[in-house]
Amino acid sequence: MQTLIPMGLLGLGHYVPETRLTNADLEKMVDTTDDWIVQRTGIRERRIAAKDLDTSRIGILAAQRAIADAGIDPAEIDLVICCTVTGDQVFPATACRIGKEIGAVRAGGFDVAAACSGFVFGSQIAAGFIRSGVYKTVLVVGAEILSRIVDYTDRNTCVLFGDGAGAAIYTSHDRAKRGEFLGGSIQMEGASEDVLAVPGGGSRHPASHASVDQRLHFMKMGGTKVFRFAVRVFAELVQRVVDQYGLDEIGVIIPHQVNQRIIESAMDSLGLPMDLVYSNIERFGNTSAASVPIALSEAVAAGRLKKGKLAVMPAFGAGLAWGHIVLRW
Ligand code: UT7
């Protein structure tokens, strides 16, 4: 069997738009209260992209920060993967625009549509290419402008989501600056569009006057089903890492920033303390594929990753799909 090449991290970066949408702002838009939102979700504000920003642009800003952090020439990048469900348009891939604008002149690129699990899945794809020796340097961007698909007349969803982008550059471990990528998982339960979906705009319900009238181009969600699913798989994924490596090895858990109550319920069911978790949901809400790389980038800057210890990143969302990645710092 072919020996796998070890992989690590070369650079990280993130970008969030300046405009803040606070709970007080939402109180003026739908029938909700700051108290309800904070108690049920832990969110106080989210960032919203200005009209002149598209997903590739915020992805580019995050990628440029990751390139500066890595200290590489963008021409060294072999592959650009953009994880998003709010790409600039149906095609071409948003990754192609990002690659061109950052100067990744040799790279190939494509998008990964795995919603909130996007960055974790994109990182696994990068690992496949790097660990098999096909590519040396891969840029994985998680970028979302969810405010363009959120229905701001639906209080069940509009309080949860925000915009942002995070980026990671992976390379073979001999060239990596930090962290060894140890692997993870990718799983799915089959399409469950009644649970979490944007029904319109694809081949099932192409754009039409009727699809617009029925608001099919906005996100629909069965919140309670997602809640139960997320608590269950979050706990399963972390338990798997505990079984494989031992609890003492875990330095930090950086989960998909879904809802503070989901994170607390899962940690409680595992009997683990919340101080193991890095959370920024209070400030950014749920940014889908961008949430893990933004949180990872922030956690590293805050010194939350401990040398020699594991950083565990579980993610879960539409599909239903879920998975995790593990880095040894
Ligand atoms: O990355 C995955 C993306 N999905 C998610 O992150 C969603 C996961 N789910 C959740 O976060 C939670 O299910 C929610 C925060 C969406 C809802 O919390 P919940 O504790 O499950 O509330 P619920 O859906 O059981 O609703 C309880 C009540 C309902 O009123 P009635 O029917 O009891 O009168 C809702 O209509 O709360 C109402 N409600 C609200 N009230 C004030 C729902 N949204 C709001 C709101 N403000 N924004």
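Start by selecting α8 (223-245) in this predicted model: this helix gives the most to the shell around the ligand, with 4 residues. Now add the other elements that give two or more residues to that shell, namely α2 (34-41), α6 (155-158) and α9 (260-270).

Next, show everything around the ligand. You should get 23 residues, and the closest are T32, R40, C116, N259 and N286. Pick T32 from that set: a side-chain N or O atom there is 2.6 Å from a nitrogen atom of the ligand. Then jump to N259, where a polar side-chain atom lies 2.7 Å from an oxygen atom of the ligand. Add H256 too, since its side chain has an N or O atom 3.0 Å from a ligand oxygen.

How much of the ligand does the protein bury? Taken alone, the ligand exposes 940 Å², and 74% of that is buried by the protein. Switch on a surface and look at the space the ligand takes: this is the second largest pocket.

Last stop, the cysteines. Go back to C116, one of the closest residues to the ligand. Buried or exposed, would you say? C116 counts as buried, because its relative accessibility is 10% and the cut-off is under 20%.

Don't spend time hunting for disulfides: the count is 0. Select C83 and C82 together to see one case. The sulfur of C82 is the nearest cysteine sulfur to C83, yet the distance is 6.5 Å, whereas a disulfide needs the two sulfur atoms within 2.5 Å. C83 is buried as well, with a relative accessible area of 0%.

How values were computed:
Residues numbered from 1 in each chain as written. Predicted model: local features only at pLDDT ≥ 70, side-chain atom pairs only at ≥ 80, totals over all residues. Heavy atoms only, no water. Buried < 20%, exposed > 50% of the residue type's maximum accessible area, 1.4 Å probe, protein only. Near = heavy atom within 4 Å. Polar contact = N/O pair within 3.5 Å; in protein donor to acceptor, adjacent residues only side chain to side chain. Areas by Shrake-Rupley, 256 points an atom, 1.4 Å probe, with all protein chains shown as cover. 1 Å grid on protein atoms, 1.4 Å probe; cavity = no way out; pocket = protein on both sides within 12 Å on 5 of 7 lines; lining within 4 Å. Sits in = over half its atoms within 2 Å of the grid points.
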